[in-house]
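User: Could you take a close look at one part of this model for me, and then set that part in the context of the whole chain? I work with structures computationally, so please give the cut-offs as you go.

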Amino acid sequence: MKYKSVFDIIGPIMIGPSSSHTAGAARIGRVARSLFGREPEWAKISFYESFAKTYKGHGTDVAIVGGLLDFDTDDKRIIQALEIAKDRNIHIEFVEESANAEHPNTARIQIGDEKGELELVGISIGGGKIEITELNGFHLKLSGHHPAILVVHDDRFGAIAAVSNILGSHEINIGHMEVSRKEKGKMALMTIEVDQNINESIIQEISKLPNITQVARVVD
């Protein structure tokens, strides 16, 4: 892996002890919270491989719940995240998975409430950096370090161009974009990382396009 600066190696300002097991976990949780769009009523968090073996000692459980509470990596409230979640009547379940994963620091988060559910797989790749590799069954690659939108849409001609045109009309530059689909002609997912946060009016404009089912955003 290539690092752009020494801060990518040291990791972000954070509540310790580990950039991979603490800061990365908090960011995975916070991306899940951002995409869900509200505080969940329950969460089932499954840890794999290294995460499963060390999450209690390294505070991975506390950090990932802190992220679900929308706490940033340097927020001192992360230390009390489990107690805060309990006080807010959020039911948290941790599962130590025995199955192998593609990366040793892997977590699967399932969250929900009476309005809906979300399932996300994230990995902590070092230095506080993360990748979201799965969302509700779609495979994707989302860093969580840049503003982004995720657009669920019907796999139809012109859907991608229509979204790109709206972003272009508002002078929003696309840094990374990919499309995932489960089956040709069915539901698909656009993952678009951009250079600046996208305001709600643009989200609503995209939502009104033909063949668009849902639009969610990750803010910087």
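Among contacts in the chain between residues at least 6 apart in sequence, what percentage joins residues at least 24 apart? And for the close look, which residues of helix 3 are buried?

Analyst: Happy to help! This is a predicted model, where local features need pLDDT of at least 70 and side-chain atom pairs count only at pLDDT 80 or more, while totals for chains, interfaces and linings use all residues. Residues are numbered from 1 along each chain as its sequence is written, and side-chain values use heavy atoms, with hydrogens and water left out.

To your first question: 67% of the contacts between residues at least 6 apart in sequence join residues at least 24 apart, a contact being heavy atoms within 4.5 Å.

Now the close look. Helix 3 covers residues 49–58, and its buried residues are F51, A52 and Y55. Buried means under 20% relative accessible area, exposed over 50% and partly exposed in between, with a 1.4 Å probe and protein chains only. Viewed down the axis, the buried residues of helix 3 fit within an arc of 95 degrees, so they line one face of the helix; the arc is that of the directions from the helix axis to the C-beta atoms. As background, an α-helix has 3.6 residues a turn, so residues three or four places apart point the same way. On the face turned away from the buried side, helix 3 carries the exposed residues K53 and G57.

The ends of this helix have backbone details to check. E49, which is found in helix 3, has a phi near 50 degrees, a positive value in a residue other than glycine. Its relative accessibility is 25%, so E49 counts as partly exposed. After helix 3 comes G59, with a positive phi near 75 degrees. Another non-glycine with positive phi is N89, at about 60 degrees. N89 sits in the loop between helix 5 (81–87) and strand 2 (91–96), and at a relative accessible area of 67% it is exposed.

Stepping back, the chain has seven helices and 10 strands, taken as DSSP runs numbered from the N terminus (H or I, at least four residues, for helices; E, at least two, for strands). The radius of gyration is 17 Å, close to the 17 Å from the globule rule for 220 residues, so the chain is as compact as a globular protein of that length. That radius is taken over C-alpha atoms, and the rule is 2.2 Å times the number of residues to the power 0.38. Of the 220 residues, 47% count as buried.

The largest nonpolar core holds 42 residues, with L35, I64 and L120 making the most contacts inside it. Such a core is a set of buried Ala, Val, Leu, Ile, Met, Phe, Trp, Tyr and Cys residues joined through side-chain atoms within 4.5 Å. Helix 2 (residues 19–36) gives the largest share of this core, seven residues. Setting aside residues up to four places away in sequence, I64 touches several partners, including A25, I45, F94 and I109. Apart from this core lies another, of 16 residues, among them V151 and I198.

Finally, a buried acidic residue: D113 belongs to strand 3 (residues 105–113) and, at 11% relative accessibility, counts as buried. The D113 side chain reaches the backbone nitrogen of K115 at 2.8 Å. Leaving aside neighbours within four places in sequence, D113 is in contact with F36, R38, E39, E41 and W42.

How values were computed: A polar contact is a pair of N or O atoms within 3.5 Å; within protein, one must be able to donate a hydrogen and the other to accept it, and residues adjacent in sequence count only if both atoms are side-chain atoms.
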